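Here's a quick tour of a protein model, broken into bite-sized topics. Keep the 3D view open and click along as you read.

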Amino acid sequence: MAQTSPPHPQTQLQHNFVLSPITALEFYLAGPSSSYLLAGEDTWLKIYDVATSHLVNQLRVFRSQPIHGIHAWKSEDGTSTTEGAFLIWGGQSVMVLSPSLVKSLIQGTALPELPTEFQVPDWIYDGILFSSNGEVQGALVTAHNEIVTLTLSSNGNLFQLGPVVSPSRPILYSANLTFLGNGTILVAGGTVFGEIIVWKFHLDSSPPPQWEVLYVFTGHEGSVFGVTISPEIEVAPGSKIRLLGSCSDDRTIRIWDITDRQLAVTQNGGEIDSKTLGEARETGFGGNSEVKEENKNDSTRGVAVAMGHLSRIWHVKFGEYTPGLEGPINVYSFGEDTTRQRWELSLDLAGSQGPKGALKHCTTDSCHSGKNIWSAAVSNREGQASFIATGGADGKIVISGGNPTPGLDGGYEEFDLSLAFDDVLEQIQRNSETPSMDPLPKGNAKHAFQKYAFLSDSRVITTTSPGRIFAAGIQETPKWKEIQLPDEVVADLRSYNVMKSVAMDTVVLGSSAGNIYLLQHGKSIRLVGKLSGKIQDVLPLVGAGVQDWQAVITVLGDDRAYILSYNALTDEATIGGLTLSLPEHYIATAAAQVGSTIILGSRVGVVTLYPPSEDNTDTIPPGYSCRDPKTKDAITAIVPLPGSSSDFLTTCRDGKYRIYSLGKENCAFTLYHEISPPMGMIEGAWFTSTEKPELILHGFKGKQFIHYNDTTSTVLASIECGGAHRSFDVISPRTNPNAFRLIFTKSSHLRFYSQPSASLRTLKEGGHGREIRAVACSATFKYIATAAEDTIIRIWTYSPTRPGIKCLATLEKHSSGIQSLQWLGDDCLISSAGSEELFVWRITQIDSHYETLAVKCEAVWNFCTKDKDLRIMSFDTSNVSSGGVNHELAIALSNSTVHTYSYNPKSGEFEFGSEARYTGACPMQLRYMPNGEDIMVAYTDGRLAIWTRPLYEPPPQAEMKLANKAPLGMGLLVKLHQSSIKSLDAVSPRGGRWIIATGGDDNALIITELGLDDMGKYKVGGRYRVSSAHGAAVTGLRIVRNEEDLIEVVTVSNGQRIKLWRAEPGRDGRGMRISLQDNKYSGIADAGDVEVISSGKVMVGGVGLEVWDFNPLK
């Protein structure tokens, strides 16, 4: 009897990591100095320390239901308390975490047993916990305006659900609950048809009725996506009001007065039976044409209305206010456009019809990437600054507010001042430190601020059109004085001057007469040189030194630039000892020194090297010079990379920054990094002096001035300034870029902004803000690339020791949703998208203290049609090189054609090879067969085609770069699925056969064996089908195990399930038997791809990212 091999152990899936939308947020204030943020990410409750951003603990609450809401027990003053519990819900699931479990989560001790998950009859929109008659109880409101009460046991766990109670059953899109005391709950619900229903539920009344309707508000012209009930607001001693905020599909925010219930009466004076609300109402957008009698006066309850955001508004929240309404009430709105907007609500309480007011827009903060802020929380405490948190579809959590922490370097103050010229004059004249100079007259419209420069963190100066110089010391707010100048200097600086800060407490000024002045803090201004012509610019030579500094001085119309050198030991500044010969019509705009080489940048984007002169002449001729052919905008900054003697970074007004590397002997340079951060014109850059340097950029985006941390992808400040092309200067501590100061001119006024810390802080990093359509891992599992409908590619690294992923680079060049990604080794990435876009990216590691990946788009596929209206559905590269060096590439287009090309990495050029055309069905997936010659294509009609071609022998005179011109012919066409083939993978032949796995729109998984007949043509050896492999389309598939006697396949679907299948020989070795090894809930909705990222691990991409382990069952 033949000996049989032992059976393979079952393989199981184990959840490892998830990055998905943040669907619930709640602040938990455990004490005066202990603030936590509770976040719902998929099925997980995650607890973060607000002060440190540290993840304190996490707990999987539900088995297969994302968390949609969290309520932390609150005391009578509205603050959370450690004595209370957490109410958590999602879909129809609800759970209460007891106080002991909450304490264990916060302290990190051993967790008691997880309580029971309960199910309610309908979708839950809001929930609360409260104390009534000495007992802790709870209530939920559902999607049909129903209240379900909760009974808790003595240990704080959910014990029993109460009956369903509702005055009517409209379809709600939003709801909010507030406990009023005395066994009464206030309910507000926003309907799908634009109405808002406000009613009370009485816990202790004997049915019927247990409810009374207060108001039905109309006014919104779209579905009401958010409603929120304010706490009682004290407007005068003994007088309080309560407000309701709502937001809608119509992009409006409305405030309503819901302070008291006034019983509605009929025209005959009788009270209306509240059951009328349950009668049929007119539905549809645009309001009701027939308002019922009991609701005719409700419209007078409207307090204020405002329109905001670029698209739908999902949430509205009340923020901080001062007791007695001595100031406005802060209101926050959160939208589909990923912005958080702050409004100030001012109230007029003198009217006879209740309070009226106005909403004033204050700020707009862009918090997330992609689309949608899915969750928001505001810690609302009377008289205290609120914390505001947002959670986005990108999985990111952003927090702001609270009491700001001062900056590290001396502590920047917080102010935002706008001063007219006469305002500064008035301060100067009142300042006793102002020297005795002839006072300038007020009211002269020709007087204006000209240039600005920071001497240090606490000192700033400005030049003026009358030739005078004003200085301000910053102590809480700027205190202005005038710097004493000789009359001849005032006359020289009048009307025109240039000024730059070149070192600490030092500025250099130039005049139209060619004079160069040095002004240092505590010293008189002095003339250090004179040039023959109008001084055009002063360019600090970045990297040349700190104490002994240098600057490049340019003169209008001069063909040379002059080096100004300062010796700190002798306190002498000299000019003219060294000059730089400029190319014709060259206008220098930036300068730096890398090693011994001086580098200039020009107004038209040219970068020029000046290697040290070998013959020690006074004039250095220009060396290698190059301009990016895609830009003619000015170079605004040149910065050496920290820890590198050959690499430097340039910023440009075209919105890109680039990194170059000097070649041997500094005779040339090479571009190896080019990126477009989410800014407009970039005006400057610098690196922090921290252990791991971070890149900080600033510039203009529309009418905003942006201070941006490119390393963390965080906007540190956004100030409305009116747009680019204005005088300004900035300063920020090199160890704390969150602190920031900006001074600029706007509408002839001096605007001075200062912040001690960033207005927004990232509590948790995120990823893509739209659906991920492609996941690809590099050859050695070094990098993972993901691409999404947000047109962005992200490159990640995965840490197996500490589960999690880190984003290394963000690539933004595509203009439409990305469909496919593929690596060539570890240093080349190819991406394709709609609009006939296919890009080749070169990836390298930067050798400096600045840790980042260098990314450059080295080639663009240029065989587009005239209208560029086709979509590149899929592509693949052959494992057989073309011409020994080139790569062969096959592309599937949405017009049912397949094209092949040869790509030359050295030249960055594509050459057309051959074409295959199918019927009207659209190709969905494309793979090269393992022989590297034939091409396998899956179509929307459920068929799989293999395109073959004869062996191609190029003409003897042909160059090696030529593509394979052999025509493609149909080698095999086989029907596999009933409709579109959504996913495909194949493995190398084994025993003369190929194994192909496909997943379709028909929910089926099919494994196909292919072989060759006696004529060498493809034939189907067997088809093995799992008809209902998933409950929805199989959108992602990967063969993860390929052994002699079995293969294993991971599949994902739109049904949020991940499954592991095993295919092995059937009985007597005939056919193939497919068995399900594991079936798990996946937190990734709309899954688009699955990829092996390391041994035993796969990543699923869709609405978020998920990592799973697949290992033999122990």
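Let's start with one pair of strands: E65 and strand E66 (residues 828–833) run antiparallel and are joined by 6 bridges. Bear in mind that this is a predicted model. From that pair we'll move out to its sheet, then to another sheet, two hairpins, the domains, a repeat and the cavities.

**The sheet around E65**

- Within the E65–E66 pair, Leu821 sits opposite Ser831 in E66.
- Zoom out a little and you'll find an open sheet of 4 strands, in the order E65-E66-E67-E68, with antiparallel pairing.
- Its edge strands are strand E65 (818–824) and strand E68 (853–860), and each of them pairs on one side only.
- Ignoring direction, neighbouring strands in this sheet are turned by 25° against each other on average.
- As a bit of background, strands of a sheet pair through backbone hydrogen bonds, and they can do so in a parallel or an antiparallel way.

**A sheet with mixed pairing**

- Another open sheet is built from 5 strands in the order E40-E41-E42-E43-E47, and here the pairing is mixed.
- Strand E40 (535–540) and strand E47 (619–620) stand at the edges with a single partner strand each, so one side of each has no neighbour in the sheet.
- For a parallel pair, look at strand E43 (residues 572–581) and E47, which are joined by 2 bridges.
- Thr579 has Thr619 in E47 as its bridge partner.

**Two hairpins to look at**

- Strand E38 (residues 515–520) and strand E39 (residues 526–530) run antiparallel, with 4 bridges joining them.
- In this pair, Leu518 has Arg526 in E39 as its bridge partner.
- How many residues lie between E38 and E39 in their hairpin? There are 5, and Gly522 in the turn has a positive phi of about 85°.
- Strand E55 (residues 704–709) and strand E56 (residues 714–720) also pair in the antiparallel sense, over 6 bridges.
- Here Tyr708 is matched with Val715, its bridge partner in E56.
- E55 and E56 form a hairpin with 4 residues between them, and Ser713 in the turn has a positive phi of about 55°.

**Domains**

- The protein is split into domain 1 (22–112), domain 2 (405–433 + 677–757), domain 3 (449–530) and domain 4 (985–1114).
- Notice that domain 2 is written as two stretches of the chain, 405–433 and 677–757.
- Taken over C-alpha atoms, the centres of domain 2 and domain 4 are 55 Å apart.

**A repeat from the record**

- An unreviewed UniProt entry places the feature "repeat: WD" at residues 217–266 and 765–796.
- Over residues 765–796, the chain is 50% strand and 0% helix.
- The end C-alpha atoms of that stretch are 13 Å apart.

**Spaces inside**

- How do you look for empty space? Rolling a probe the size of a water molecule over the atoms shows where it is left.
- Searching the whole structure turns up 2 cavities of 30 Å³ or more.
- The largest cavity holds about 50 Å³ of space.
- Its lining includes Leu19, Ser20 and Pro21, along with Ala393, Asp394, Gly395, Gly767, His768, Ile772, Gly1104 and Leu1105.
- By type, the lining of the largest cavity divides into 5 nonpolar, 5 polar and 1 charged residue.
- The second largest cavity has a volume of about 30 Å³.
- Which residues line the second largest cavity? They are Gly605, Asp628, Thr631, Ile635, Thr650, Arg658 and Tyr660.
- This second lining splits into 2 nonpolar, 3 polar and 2 charged residues.

Note on methods
Residues numbered from 1 in each chain as written. Predicted model: local features only at pLDDT ≥ 70, side-chain atom pairs only at ≥ 80, totals over all residues. Heavy atoms only, no water. Domains from an automatic or database assignment. Pairing = 2+ DSSP bridges. Axes fitted to C-alpha atoms, helices over the stretch in contact; angles between N-to-C directions. UniProt positions renumbered as here; feature names shortened; annotations may be inferred. 1 Å grid on protein atoms, 1.4 Å probe; cavity = no way out; pocket = protein on both sides within 12 Å on 5 of 7 lines; lining within 4 Å. Points joined across faces, edges and corners; volume = space filled by probe spheres on them. Nonpolar A, V, L, I, M, F, W, Y, C, P; charged D, E, K, R; others polar.
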